[in-house]
Amino acid sequence: MKISKSQQDKNQRLLLNAAVELISSQGYERTTMKQIARAAGLGDATIYKYFPSKEKLVLAYYELAIAEALAQTLKTKGLAGYQLQERLQRLVDAVLERLLPDREFVAITRGLARENPLLLLGDALPGKPALRAQVEAWLAEAEAAGQIAPCGYKGLLAGLMADYMFGIVVYWLQDESAEFSDTTQLTDLSLGLLALMLQSGLINKLGELGGFLLRNQLARLLQGGGVLELLTLARRGLGAAREART
C-alpha cells in the first residue's frame with residue numbers, strides 16, 4: 001500500500017531519531033540497520049526503502065540538520081537589515097544550535113569523512129549545495145548594497161564558506177572551553193577577517209590560489225595550535241591598513 005508523503009517524512013524522522021539515540025549510546029559500528037528499524041517501530045526491511053545503507057542514513061541526518069539550520073536562520077527577525085558578517089555569524093550559530101543536542105552522535109559520525117575522503121570534494125558534503133547557494137545570494141546582496149567591494153569569486157567563495165562551516169563544526173567538537181567560548185572567538189575573528197578582506201577587495205587578489213590553500217589546509221589549521229592568535233594578528237593588520245587609507 002502506498003503511503004503519503006507526510007507519512008514518509010514521519011518515518012524518515014523516526015529512523016533518524018532512532019539512529020542518533022542508538023549510535024550515541026553504543027557507537028557506529030555496533031549499531032545495525034535492524035536495530036534502528038526496530039527502535040523506530042518499523043519493519044526490518046522498511047528502513048532500506050528510505051536509506052540503502054547506514055552511511056546514507058547518517059548523511060541524511062546532516063542534510064536535514066543543515067536544511068533546518070538554514071530555515072531557522074532565514075526566520076531570524078530583522079535578518080534583512082543584517083550586514084554580511086552578521087548573517088554568516090547567525091548561520092554558524094544556527095548550525096551549532098541544531099547539532100548541540102546530538103553532539104555525541106556528531107562526534108562519533110564525523111569519522112565518516114576521514115574514512116571516505118570523497119565526501120570532502122565537490123558537493124558531496126551533505127547540505128553543501130544549499131549552504132553555497134544561500135551564501136552566494138548574501139554575497140550578491142552585500143555587493144549590490146556597497147557593503148563589500150565588487151567580487152569576481154562569489155561562487156568560489158560561497159563554496160569555501162560551506163567547507164568553512166564544516167571546519168567550524170570540527171573545531172567545536174574539540175572545544176573544551178566554557179560554553180564553547182573558543183569556538184565563538186574563532187568564528188568572530190575568522191568572519192571579521194573575511195569581512196575586511198571583502199571590503200578592501202583583497203579577496204579578488206587572492207583569487208583561486210587562496211581558495212586552493214583554504215580548501216586543502218582549513219581542517220589542519222583549525223585543529224592546530226595558535227589559530228586564534230593567527231587570526232587576531234591578521235584581522236588587526238587588515239584593520240590598521242583600512243584605517244590608514246581613511
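## Where α1 meets α4

In this predicted model, helix α1, which covers residues 5–26, packs against helix α4, residues 54–74. Their axes lie 10 Å apart, and the angle between them is about 110°. That makes the two helices, α1 and α4, roughly perpendicular. As for handedness, α1 and α4 cross in a left-handed way.

Which residues do the touching here? On the α1 side you'll find Arg13, Leu16, Ala19, Val20 and Ile23, and they meet Leu57, Val58, Ala60, Tyr61, Leu64 and Glu68 from α4. Sort the residues of this α1–α4 contact by type and you get nine nonpolar, two charged and no polar.

## Where α5 meets α9

Now look at another pair. Helix α5 runs over residues 84–99 and helix α9 over residues 154–174, and their axes come within 11 Å of each other. The crossing angle is roughly 45°, so α5 and α9 count as oblique to each other. The crossing of α5 with α9 is right-handed.

From α5, the residues in play are Leu88, Leu91, Val92, Val95, Leu96 and Leu99. Across from them in α9 sit Met161, Tyr164, Met165, Ile168, Val169 and Trp172. What kinds of residues make up this contact of α5 with α9? Twelve are nonpolar, with no polar and no charged ones.

## A look at Arg98

Helix α5 is also home to Arg98. Is Arg98 buried, partly exposed or exposed? Its relative accessibility is 22%, so Arg98 counts as partly exposed.

Setting aside neighbours within four places in sequence, Arg98 touches Tyr61, Ala65, Glu68 and Ala69. Two of these names may ring a bell: Tyr61 and Glu68 are also among the α4 residues that meet α1. Take Ala65 as an example of how the chain brings residues together: Arg98 and Ala65 are 33 residues apart in sequence, yet their C-alpha atoms are 6.5 Å apart in space.

## Stepping back to the whole chain

How many helices and strands does the chain have? There are twelve helices and zero strands. Reading along the sequence, you simply get α-α-α-α-α-α-α-α-α-α-α-α.

The chain has 246 residues, and 43% of them are buried. Among contacts with a separation of 6 or more, 72% are between residues 24 or more positions apart; the Arg98–Ala65 pair, at 33 residues apart, gives you a feel for that kind of spacing along the sequence. As for the surface, the chain exposes about 13300 Å², and 56% of that comes from carbon and sulfur atoms.

Notes: Residues are numbered from 1 along each chain as its sequence is written. This is a predicted model: local features need pLDDT of at least 70, side-chain atom pairs count only at pLDDT 80 or more; totals for chains, interfaces and linings use all residues. Side-chain values use heavy atoms; hydrogens and water are left out. Axes are lines fitted to C-alpha atoms, for helices over the stretch in contact, and angles run from 0 to 180 degrees between N-to-C directions. Helices (H or I, at least four residues) and strands (E, at least two) are DSSP runs, numbered from the N terminus. Angles under 35 degrees count as roughly parallel, over 145 as roughly antiparallel, 65 to 115 as roughly perpendicular and the rest as oblique. A crossing is left-handed if the near helix is turned anticlockwise from the far one by less than a right angle, and right-handed if clockwise. Contact means heavy atoms within 4.5 Å. Ala, Val, Leu, Ile, Met, Phe, Trp, Tyr, Cys and Pro count as nonpolar, Asp, Glu, Lys and Arg as charged, and the others, Gly among them, as polar. Buried means under 20% relative accessible area, exposed over 50%, partly exposed in between (1.4 Å probe, protein chains only). Accessible areas come from the Shrake-Rupley method with a 1.4 Å probe; for residues, only the protein chains shown count as cover.
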